[in-house]
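Reader: I have the coordinates open and a few short questions. Can we go through them one by one?

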Amino acid sequence: MTTGVAGLTVAEVQRRTVRTLVVSQAVGAVGVTIGVATASLLARDISGSETMAGLAQTFQVLGTAAAAYGLARVMRRRGRRVGLVAGYLIGATGAVLAVVSGVVDSMAVLLLGAVMLGATTAVNNGSRYAATDLATEEHRARALSVVVWATTVGAVAGPNLTGVGASVARTMGVPELTGGFAIGAVVLVVAAGWVWWRLRPDPLLLAQETAGVTPATGPEPRGRSWGRFVAVVRDVPAVGAAVIAMACAHAAMVTVMIMTPLHMEHGGAQLEIIGFVISVHVLGMFAFSPVVGWAADRFGRSAVLVTGGVVLLVSLALCGLSPQGTSWQIFTGLFLLGLGWSCATVAASTVIADRTPIEARTDVQGTSDMAMALTAAGGGALAGVIVGELGYPALAMFAALLAGAVVVAGAVTRKHA
């Protein structure tokens, strides 16, 4: 079967799509992570208060949630290409505003920039679904997981460009802490240009055409997208369970990960060791995702989803038992925390791609990513309170409840397979 564009078959378009997304995901992840190491420091310097340092990250997460929902609506009408490019350009604008905030010393401008930068995270999350639009069911999880794996490149490279960012800032005559954002803005524009050039034919529009579905045009009544999400969750319980599993796995991972540096610092761990532990955690999150995708295709999405929940429980037990400072428990626990997240996220995302009707695909995917971001924001807000009042082991126990929900949700997807 040909697509009518350069005589390509659907299989050829799928291969081109995955290759395009792997590159944009790697490049886009650099744009997202390069400012992470300095965002809190910039917020502290501008506000003059350490208690305000975490606001930039919080606003970026909220921006991710809003963008996940909004860009999904754009994709429904205009396709993946337009939606992904729009997200990258919004993120690039946010990075520019972060630079401006340092120049004019404005917290309001920084927070607006952080919200807009959240669109880039939403795009990187949404790219995994674009890889599934034309994939066959037996290869869908692998296609999704390869795009997730590409995030490793940016996640590792971005924070390590902090020194380069400082040099760029000095050259530009702007505050050193804004240099990473300046580089990020350029990188995100490059990612947008790459997607605009390469992501055609559009995988979602082609999938709709192949299925005989006419793309939506014009504005929709308020709440229509949410209504389609509710209808799918009501009619296909496995999709609702997958959304819950993905949100709970993400919240469990974020709540423990963000407080681990503090737990280690209280025991006298050096910054280099803390950074290495987080790197090991990121390795667990992304590096093995192709293997996870292969397993989901080979053994079933539900089996991998339940396995992810169990791995999360083991990781949280190790974290809860770890003494302050450096220990084998915290190294192993943080690695398994990332690996469990990978299993749950890849498997749950594939269930959503498998079981959602194509006419509601972007609505469900965008809303599920919004839920994932909001639960992470809520978990992150609670994490500090729990650790402050009850300690790090209590936080691990709280996260274990979320991991248990992942196991239950995985069983529900199996029941309704």
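Author: This is a predicted model. One aromatic residue makes a start: tryptophan 294 has a relative accessible area of 41%. Buried would need under 20% and exposed over 50%, so tryptophan 294 counts as partly exposed.

Reader: Which residue forms an aromatic pair with tryptophan 294, and what is the angle between the planes?

Author: The partner is phenylalanine 299, 5.6 Å away centre to centre. Planes over 60 degrees apart count as edge-to-face. The pair of tryptophan 294 and phenylalanine 299 is edge-to-face, with an angle of 90 degrees.

Reader: Is phenylalanine 299 buried or exposed?

Author: The cut-off for exposed is over 50%. Phenylalanine 299 has 51% relative accessibility, so it counts as exposed.

Reader: How many aromatic pairs are there by this rule?

Author: Ring centres must lie within 6.5 Å to pair. By this rule the count is five.

Reader: Which helices hold phenylalanine 286 and tryptophan 341?

Author: Phenylalanine 286 and tryptophan 341 form an edge-to-face aromatic pair, 5.6 Å centre to centre with 80 degrees between the planes. Phenylalanine 286 is buried at 11% relative accessible area, and tryptophan 341 is buried at 7%. The two residues are 55 apart along the chain and link distant parts of it: helix α12 (residues 271-286) and helix α15 (residues 328-355).

Reader: Which residues touch the most other members of the largest nonpolar core, and which helix gives the most to this core?

Author: The core has 64 residues, and Tyr392 and Val406 touch the most other members. Helix α11 (residues 237-266) gives the most, with 16 residues. So the names are Tyr392 and Val406, and helix α11.

Reader: Why is α11 largely enclosed by the rest of the structure?

Author: Buried means under 20% relative accessible area. Helix α11 is largely enclosed because its buried residues number 22 of the 30.

Reader: Where does α11 bend?

Author: The end C-alpha atoms of α11 are 44 Å apart, which agrees with the expected span of 44 Å. Still, α11 bends by about 35 degrees. Proline 261 follows within four residues of the bend, which is at threonine 260.

Reader: Which peptide bond is cis, and what is omega near?

Author: Most peptide bonds are trans. The bond from arginine 200 to proline 201 is cis. Proline 201 lies in the loop between α8 (179-198) and α9 (203-211). For the bond from arginine 200 to proline 201, omega is near 0 degrees.

Notes: Residues numbered from 1 in each chain as written. Predicted model: local features only at pLDDT ≥ 70, side-chain atom pairs only at ≥ 80, totals over all residues. Heavy atoms only, no water. Core = buried A, V, L, I, M, F, W, Y, C linked by side-chain atoms within 4.5 Å. Buried < 20%, exposed > 50% of the residue type's maximum accessible area, 1.4 Å probe, protein only. Expected span 1.5 Å × (residues − 1). Bend = angle between axes of the 7 residues up to and from the residue. Phe/Tyr/Trp six-rings, centres within 6.5 Å; stacked < 30°, edge-to-face > 60°.
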